[in-house]
Amino acid sequence: MKRHSRRSVFYGSLTGAAVAAMAAGGCGAGGGSATGPAATSSQSAPSTAPNATAWQKWGLTPLPAPPKPPADKPLKLSATGTVPVFEHLPTSQKVVFITVDDGAEKDPKFIEMMRDLKIPITMFLMNDTIKSDYGYFKPLQAMGNHVQNHTLHHPAMNTLPLARQKEEVCGDQKILTQQYGTAPLLFRPPYGAYNSDTKTAVGECGPRAIVRWREAMQITTMRYQETDKKLRPGDIVLAHFRGPKELKGTTMTEMFGNLLKHIQKQGFTVARLEDYIQPPTG
């Protein structure tokens, strides 16, 4: 994580104008770097081979089944102290982790796709976009996909005083816990922007880590932080619940299929982020 500290300082010091410019591309999509922590419980990787027929239905070739998660989790969270910030998990396994943000698009076809493909995702949900239909995300949660915190209103956190940051994090934490029955363990700051007050607010509101990302899926292309434009084992990938209006006519299922093709082309498969994180004990 040490070699990424310079990027963390950059995002932690974004001005309001810079964040506004980033917002034009969506939640972090134009900003390049952000990542997100994991959930409260862990679900083992499926032991059965992917269903080729189900994948063909979506015009895709199956990814390999993910390997068994390590018994010794690479990230161990503490119940107290300063929350860590990460955009990658150390592992030698050729896996990446898909995170899907916000919640504006509620395409029933995406739920169907996830049932067919059984690809694990982590959902960072923002109340303003999900409150019109909290129920949409429950079938995705029932598949083992965790719900995590992404604020009430999607502000650039580093532009707010501590009290307002706590309102954003604690407010979303309360609603998500009520609606989905489990308190989020992870927090993703909108646009990847955070500061020391954000860490304080997150720690006091319940989540135990801040998650950013190394790659961000656009419509057909992937945006990389590294200049060689390659995935690395343990990378966290950002996508969004977006539909044709935001994706220039492309559906969410088409965008997600394009994402899986990028992952497959580089010889990776998808694992569940929370399976590589040890929640606080005691």
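Author: Helices are DSSP runs of H or I with at least four residues, strands are runs of E with at least two, and both are numbered from the N terminus. The model is predicted. With those labels, threonine 151 falls in the loop between β5 (146-149) and α7.

Reader: Which sign does phi take at threonine 151?

Author: Phi is positive there, near 80 degrees, and the residue is not glycine.

Reader: Is threonine 151 buried or exposed?

Author: Under 20% relative accessible area counts as buried. Threonine 151 has 0%, so it is buried.

Reader: Where does lysine 118 sit?

Author: Lysine 118 is in the loop between α4 and β4. Its phi is near 55 degrees, again a positive value outside glycine. Lysine 118 has a relative accessible area of 58%, so it counts as exposed.

Reader: Now the cores. What is the general idea?

Author: In soluble globular proteins, nonpolar side chains tend to be buried together. Here the largest nonpolar core has 43 residues. Ile98, Phe110, Phe241, Phe256 and Leu260 touch the most other members.

Reader: Which elements each supply at least two residues of this core?

Author: Strands β3 (95-102), β4 (122-125), β9 (222-224) and β10 (236-240) do, and so do helices α4 (108-117), α7 (162-180) and α9 (252-265). The largest share, six residues, comes from α9. A second core lies apart from this one. It has 19 residues, including Val95, Leu185, Leu273 and Ile277.

Reader: What is isoleucine 98 in contact with, leaving aside neighbours within four places in sequence?

Author: Its partners include Ile119, Pro120, Ile121 and Thr122. Also among them are Val237, Phe256, Leu259, Leu260, Ile263 and Val270.

Reader: Which residues of α4 are buried?

Author: They are Phe110, Ile111, Met113, Met114 and Leu117. They cover an arc of only 160 degrees around the axis, so they lie on the same side of α4. These buried residues pack against α3 (52-57), α6 (138-142) and α9.

Reader: What caps the N-terminal end of α4?

Author: Aspartate 107 does. One of its side-chain oxygens lies 2.8 Å from the backbone nitrogen of lysine 109. Past the other end, lysine 118 comes just after α4.

Reader: How are two packed helices described?

Author: Two numbers serve: the angle between the axes and the distance between them. For α7 and α8 (residues 196-205), the axes come within 9 Å and cross at roughly 35 degrees. The crossing is right-handed.

Reader: Which residues make the contact between α7 and α8?

Author: On α7, they are Leu162, Gln165, Lys166, Val169, Cys170 and Gln173. On α8, they are Asp197, Thr198, Thr200, Ala201, Val202, Glu204 and Cys205.

Reader: One more residue. Where does lysine 76 lie?

Author: Lysine 76 is in strand β1 (residues 75-76). Partly exposed means between the 20% and 50% cut-offs. Lysine 76 has 46% relative accessibility, so it is partly exposed.

Reader: What does the side chain of lysine 76 make a polar contact with?

Author: The side chain of aspartate 72, at 2.7 Å. A polar atom of the lysine 76 side chain also lies 2.6 Å from the backbone oxygen of lysine 73.

Reader: How many residues separate lysine 76 and threonine 281 in sequence?

Author: They are 205 residues apart in sequence. In space, their C-alpha atoms are 9.6 Å apart.

Conventions: Residues numbered from 1 in each chain as written. Predicted model: local features only at pLDDT ≥ 70, side-chain atom pairs only at ≥ 80, totals over all residues. Heavy atoms only, no water. Core = buried A, V, L, I, M, F, W, Y, C linked by side-chain atoms within 4.5 Å. Buried < 20%, exposed > 50% of the residue type's maximum accessible area, 1.4 Å probe, protein only. Contact = heavy atoms within 4.5 Å. Arc of directions from axis to C-beta. Polar contact = N/O pair within 3.5 Å; in protein donor to acceptor, adjacent residues only side chain to side chain. Axes fitted to C-alpha atoms, helices over the stretch in contact; angles between N-to-C directions. Left-handed = near helix turned anticlockwise from the far one by under 90°.
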